[in-house]
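Please read these notes with the structure open beside you. They take up enclosed space and aromatic contacts in turn.

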Amino acid sequence: MRKLIAYEFLSNDGYMAGREGEEMDFVTRNFLKEMETDIELEYKEVDTFLFGRTTYESLSRYWPTVTTEDEPLADLMNGMNKIVFSSTLDDLKWNNSRLSTKGLEEQVIELKREEGKNIMIIGSASIVQSLTEKKLIDEYKFLLFPVILGDGKPLFKNTKEELGLKLIHSKIYRNGVLLLTYSI
């Protein structure tokens, strides 16, 4: 069975994005080549991304416009299957993208039963929150940045109950960022 992995960038105070206009500044200021290499290794074990509308729109404006010379992950990002959960989008232009015609839970259960590589969520807080409540995420990977943002978009804003996690791997980068991998 395929694993569903949530891979998220987080501040120490639990925000996945900073204030408007500075959403990913805390990441870009502290991003290392070694982190990109590790992410590339993770993405090679994945064949499908799940996105909500906001994350899809943001990423689809950027990734199709770059090459591997600009961004080493460009071919992986642009070649990946992308399933988007949205009731307002109707025309997906980023290659290998499609709107889900099923409910989130039903779609994920079906995908996990199919043959293939792992499935990954990046960004997409509402999807992570919903699938956390349904206990459908098998692994959480957090790149925890040594910064307190004080405001922004929290990852687990609407989580209704406690979920215990088991640390299965950790790595410390020279800039103080932690990669924490948890299973449920």
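1. By class, three charged, two polar and one nonpolar residue make up the lining of the largest cavity. The model is a predicted one. The residues concerned are Thr132, Glu133, Lys135, Thr159, Glu161 and Leu163. Leucine counts as nonpolar, threonine as polar, and glutamate and lysine as charged, so Leu163 is the nonpolar member of that lining.

2. How much space lies in the largest cavity? The figure is about 30 Å³. At a threshold of 30 Å³ or more, the structure holds one cavity.

3. On aromatic contacts, a search of the whole structure returns 13 aromatic pairs. One of them joins Tyr43 and Phe49, with ring centres 5.2 Å apart and planes at 80 degrees. Planes over 60 degrees apart count as edge-to-face, so the Tyr43 and Phe49 pair falls in that class.

4. Are the two partners of this pair buried or exposed? Tyr43 has a relative accessible area of 7%, and Phe49 has one of 0%. The cut-off for buried is under 20%, so Tyr43 is buried and Phe49 is buried too.

5. Tyr43 and Phe49 also belong to one aromatic cluster, together with Phe51, Tyr56 and Trp94.

6. Which charged residue sits over the ring of Trp94? Lys82 does: its charged end lies 4.5 Å from the centre of that ring. Trp94 thus appears twice in these notes, as a member of the aromatic cluster and as the ring under the charged end of Lys82.

Key:
Residues numbered from 1 in each chain as written. Predicted model: local features only at pLDDT ≥ 70, side-chain atom pairs only at ≥ 80, totals over all residues. Heavy atoms only, no water. Phe/Tyr/Trp six-rings, centres within 6.5 Å; stacked < 30°, edge-to-face > 60°. Buried < 20%, exposed > 50% of the residue type's maximum accessible area, 1.4 Å probe, protein only. Lys NZ or Arg CZ within 6 Å of the ring centre and 35° of its normal. 1 Å grid on protein atoms, 1.4 Å probe; cavity = no way out; pocket = protein on both sides within 12 Å on 5 of 7 lines; lining within 4 Å. Points joined across faces, edges and corners; volume = space filled by probe spheres on them.
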